[in-house]
Amino acid sequence: MFGDDIKAKMSVSSIIYGPVRPLLYEPTSGKAAILVFTACLLFFIGQSLRIVCFHPLARFPGPPLAIVSNLFYSGTVISGHSHTTIKKLRDNPRKGTNIFVKNPHFYPTDGTIRAKHIVNTSDPVEHAQIRKMMSHAFSQKALFEQEDIVIHYADMLMTAILDESREGLIDLEMFYNWTTFHVLGELASGEPFGSLEARKTDNWITIILMMMIKWNAYDFAIHKLPFLPRIQSWLVPKDIAEGAEIHIMQSKRKILERMNRPNDRLDFVSYIFKKREEIGITDWEMTAHANALVIARSETTATVVSGLTYWLCRTPRAYEKLKRDVRCTFTSSTEITSRSAMPLTYLTACIDEAFRIYPPISIAMPRKAPAGGETVAGYFVPEGTTVAVHMWSTTHNPKNFKDPYEYRPERWMEPNNTDNLDASKPFLLGPRACMGQNMAWMELRILIAKLVFLFDFKLDDDDFDWDRDSRTFVLWEKPPLMTRVTPRAV
Ligand code: HEM
């Protein structure tokens with residue numbers, strides 16, 4: 001949970017700073033500067049003491065810097081280690097202080113490159129309108145049509161792995177990304193990427209993975225601090241800013257081309273085009289909707305498949321059991337669909353456990369306390385306070401899951417298991433929960449069942465530690481998953 005009270009501090013310091021500033025240019029400017037500095041320092045100390053001792057959120061534990069300033073939050077977001085930093089804080093809470101920091105700009109929007117889309121729109125009425133517009137694309141009927149596309153690209157992935165396995169080690173993480181990006185590229189902009197055919201990461205995907213994800217992290221970090229958004233262009237590393245700009249401009253071009261191209265299939269954007277004039281959706285907003293779907297949704301699904309491959313290889317007992325289940329159920333990979341794979345309860349448990357141990361969105365997605373305040377976990381939280389559940393810490397808390405670092409799919413099946421299974425909610429809950437969870441589950445069942453049916457995997461390096469080498473910037477920056485793949489004789 002985060003919360004803060006620095007707005008008052010900032011406005012009063014600017015009142016002080018304004019009138020005395022001219023003195024700095026007088027001959028006595030040295031004394032004046034010391035006076036101003038001392039006044040600001042005393043003010044800051046006074047405000048900090050007030051927040052730490054008397055603020056309504058003072059009883060919440062946390063490090064002092066996080067209580068009095070958003071610098072802590074911003075630094076953590078761009079460090080790549082927010083998951084472990086926040087977990088340490090949760091495991092070792094310090095009584096009597098608070099870790100709430102105000103976060104009004106986690107989803108910054110503007111009329112252009114940060115145009116509103118389904119994920120970043122805060123206003124409930126506006127959001128409900130967008131969600132309704134997009135709901136057709138997530139209906140059961142649409143899911144059924146999308147399955148053909150998923151199976152098509154899943155089979156392309158299997159062929160690519162089969163071919164490349166003859167050449168030696170494979171970075172499976174890249175192969176998985178290519179596949180899920182292909183699916184979403186086709187559904188969200190009517191244009192798949194060429195990576196699976198070329199066996200090489202498309203420039204477009206490289207920019208998304210290397211630049212856009214970090215650009216979003218910088219955006220969140222900078223917009224949490226006063227004044228910094230005005231000098232954002234100086235603060236964001238040049239390659240990241242340029243990559244983001246190229247990506248957004250190319251996305252806009254693609255989406256406009258797609259709008260003018262006849263297309264028989266009802267994909268995600270066709271529903272947006274239909275409502276475009278009626279509810280006044282701008283070109284930037286269309287671009288933003290398509291981008292939001294492609295970026296955060298392909299990468300998340302690929303993350304689960306990568307995480308699951310790693311933990312299966314590290315947990316031979318679970319891997320052997322899954323192999324037995326899948327290989328005894330199917331006689332050919334063509335029999336595998338999401339429906340035929342659904343009864344495989346151990347497969348479902350393996351996916352649930354991968355979601356728990358490596359949640360694709362591992363950080364805390366902030367929500368604000370409503371007017372009049374709200375009681376959260378037994379505490380009254382005043383209006384406007386940002387509240388969030390930090391996913392990775394929650395699913396690695398031994399109070400929720402026994403031996404949380406152990407990959408143990410059985411915990412999802414044992415009737416007497418004492419874990420708090422409800423503590424793992426990778427798609428979140430409520431009106432802002434993920435709209436694509438059925439699609440994600442469909443895609444995961446198909447991909448994983450086919451992979452396990454057709455291949456044997458072994459990690460190249462016994463010392464490789466996926467947890468240690470992953471960094472999180474809202475989404476994960478994952479290390480290469482170098483794997484030796486042996487095709488089965490089927
Ligand atoms: C493993 C895969 C996935 C995970 C873990 C996941 C997780 C999430 C999470 C945590 C959110 C809430 C974000 C926030 O609070 O800001 C979200 C929102 C959303 N997701 Fe997913 N997602 C996945 C796959 C997908 C897919 C495949 C699609 C669609 C094709 C999709 C579509 C959406 C949409 C449209 C929203 C916005 C919902 C709203 O605000 O009303 N997701 N997802």
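Okay, so straight to the ligand: two helices, α14 (283–314) and α19 (437–454), each supply at least two residues of the shell around it. Keep in mind that this is a predicted model. Of those two helices, let's stay with α14 for a second, since α14 gives the largest share of the shell, five residues.

Who comes nearest to the ligand? Out of 20 residues around the ligand, that would be R297, T300, M365, C434 and G436. And what's the chemistry of the shell? You get 14 nonpolar residues, with three polar and three charged ones making up the rest.

Right, now the sheet. We've got an open sheet of three strands here, ordered β1-β9-β6, and the pairing is antiparallel. β1 (170–171) and β6 (455–459) are the edge strands, and each has a single partner strand, so one side of each is left without a neighbour in the sheet. Helix α7, residues 140–165, packs on this sheet and touches β1, β6 and β9. Its direction makes about 95 degrees with that of β9.

If you zoom in on β1, two bridges join it to β9, residues 482–487, and those strands run antiparallel. Which residue of β9 does I170 face? I170 stands opposite T483.

Last bit, the chain overall. Its secondary structure comes to 20 helices and nine strands. There are 490 residues in the chain, and buried ones make up 41% of them. As for contacts, if you take those between residues at least 6 apart in sequence, 74% join residues at least 24 apart.

Conventions: Residues are numbered from 1 along each chain as its sequence is written. This is a predicted model: local features need pLDDT of at least 70, side-chain atom pairs count only at pLDDT 80 or more; totals for chains, interfaces and linings use all residues. Two strands pair if DSSP finds at least two bridges between them. Helices (H or I, at least four residues) and strands (E, at least two) are DSSP runs, numbered from the N terminus. Two residues are in contact if their C-beta atoms, placed from the backbone, lie within 7 Å. Axes are lines fitted to C-alpha atoms, for helices over the stretch in contact, and angles run from 0 to 180 degrees between N-to-C directions. A residue is near a molecule or strand if its C-beta atom, placed from the backbone, lies within 6 Å of it. Ala, Val, Leu, Ile, Met, Phe, Trp, Tyr, Cys and Pro count as nonpolar, Asp, Glu, Lys and Arg as charged, and the others, Gly among them, as polar. A residue is buried if 20 or more other C-beta atoms lie within 10 Å of its own, exposed if 12 or fewer, and partly exposed in between; C-beta atoms are placed from the backbone.
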